[in-house]
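Subject: Structure for your review

Dear colleague,

Please find below the structure I am handing over to you. My findings follow it.

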Amino acid sequence: MDSISKIFAVLIAVLLLYMFPISAAFDNQDEVSELVVLREVTAFVDMVRDKGYISPVMYSDFEQAIQATGNTFDIQMEHGHKRYDPVYDDPSRPETFTGEYAVHYDTFYSGQILPILFPDSAAGKDELSRRYKLYLGDTFMVTVKNTNRTNGTIVRDFLNNASSPSEKIFIPYGGLVRNEDH
């Protein structure tokens, strides 16, 4: 009985002396990674909102900056464009304009934006045709979330004998386009 209590005491000592400080260090690393990603997402989105376009260089620099945290990420972009279409009693006759406008919202996602930035052609990175253009008053939103299990999550799951979701870093950020510099 005495040997069992000694083994238990050694296990508790190992947990207290090694595992909890390691867990705290990994949690701190996750927090630093989250701050880095938040800063980069904010800088990227604000740059796009101020310039009114996304270039391949801007996107690649953003992607490299967040990958430097050692995590892998799912990056989702969303561009919203509001359009006003005149309403006609008879669309084939312009003189039947009712004086009203119908508001339509078009939304474009990463799947539509990335092929413009990175086409299959041999166009250079600075080619204007590879810029994705947004217009004054459009909305632009980026959502970034990690796809890997961070070290902090792995250690915490080990200590708690549980399995938590791998999504530790989740940053949504966006706003209205403030300028058109294209």
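How many aromatic pairs does the count come to? In this predicted model, the count comes to seven aromatic pairs. One of them joins Phe-44 and Phe-140. A pair of aromatic rings is described by the distance of the centres and the angle of the planes. For Phe-44 and Phe-140 the centres are 6.2 Å apart and the planes lie at 65 degrees, an edge-to-face arrangement. This pair links distant parts of the chain, since Phe-44 belongs to helix 1 and Phe-140 to strand 5, 96 residues apart. Phe-44 has 2% relative accessibility and therefore counts as buried. Phe-140, at 1% relative accessibility, counts as buried too. Ring pairs also connect these two residues with Tyr-59, Phe-62 and Phe-118 into a cluster.

The packing of the helices comes next. Two packed helices are described by the angle between their axes and the distance between the axes. Helix 1 spans residues 2–51 and helix 2 spans residues 56–67. Their axes come within 9 Å and cross at roughly 170 degrees. As angles over 145 degrees count as roughly antiparallel, helix 1 and helix 2 are therefore roughly antiparallel to each other. On the side of helix 1, the contact is made by Val-36, Val-37, Glu-40, Val-41, Phe-44, Met-47, Val-48 and Lys-51. Helix 2 contributes Met-58, Tyr-59, Phe-62, Ala-65 and Ile-66. By class, this contact has 11 nonpolar and two charged residues, with no polar ones.

Helix 2 itself has 12 residues. From its first C-alpha to its last, helix 2 reaches 16 Å, close to the 16 Å expected at 1.5 Å a residue. Its buried residues are Pro-56, Met-58, Tyr-59, Ser-60, Phe-62 and Ile-66. These buried residues pack against helix 1, strand 1 (53–54), strand 2 (73–88), helix 3 (110–117) and strand 5 (139–146). Tyr-59 and Phe-62 are thus buried residues of helix 2, belong to its contact with helix 1 and are members of the ring cluster.

Three individual positions may also be of interest to you.

Where is Gly-137 placed? Gly-137 is in the loop between strand 4 (132–133) and strand 5. With 44% relative accessibility, Gly-137 counts as partly exposed. Leaving aside residues up to four places away in sequence, Gly-137 touches Leu-176 and Val-177. The C-alpha atoms of Gly-137 and Arg-178 are 6.6 Å apart in space, while the two residues are 41 residues apart in sequence.

Is Ser-92 buried or exposed? Ser-92 is found in the loop between strand 2 and strand 3 (97–109). Because its relative accessibility is 58%, Ser-92 counts as exposed. Ser-92 and Lys-6 are 86 residues apart in sequence, and their C-alpha atoms are 91 Å apart in space.

The last position is Asp-157, which is found in helix 4 (residues 151–160). Asp-157 is buried, with a relative accessible area of 7%. Between the C-alpha atoms of Asp-157 and Asp-74 the separation is 22 Å, and these residues are 83 residues apart along the chain.

Yours sincerely,

A colleague

Methods: Residues numbered from 1 in each chain as written. Predicted model: local features only at pLDDT ≥ 70, side-chain atom pairs only at ≥ 80, totals over all residues. Heavy atoms only, no water. Axes fitted to C-alpha atoms, helices over the stretch in contact; angles between N-to-C directions. Helix = DSSP H or I, 4+ residues; strand = E, 2+ residues; numbered from the N terminus. Parallel < 35°, antiparallel > 145°, perpendicular 65-115°, else oblique. Contact = heavy atoms within 4.5 Å. Nonpolar A, V, L, I, M, F, W, Y, C, P; charged D, E, K, R; others polar. Expected span 1.5 Å × (residues − 1). Buried < 20%, exposed > 50% of the residue type's maximum accessible area, 1.4 Å probe, protein only. Phe/Tyr/Trp six-rings, centres within 6.5 Å; stacked < 30°, edge-to-face > 60°.
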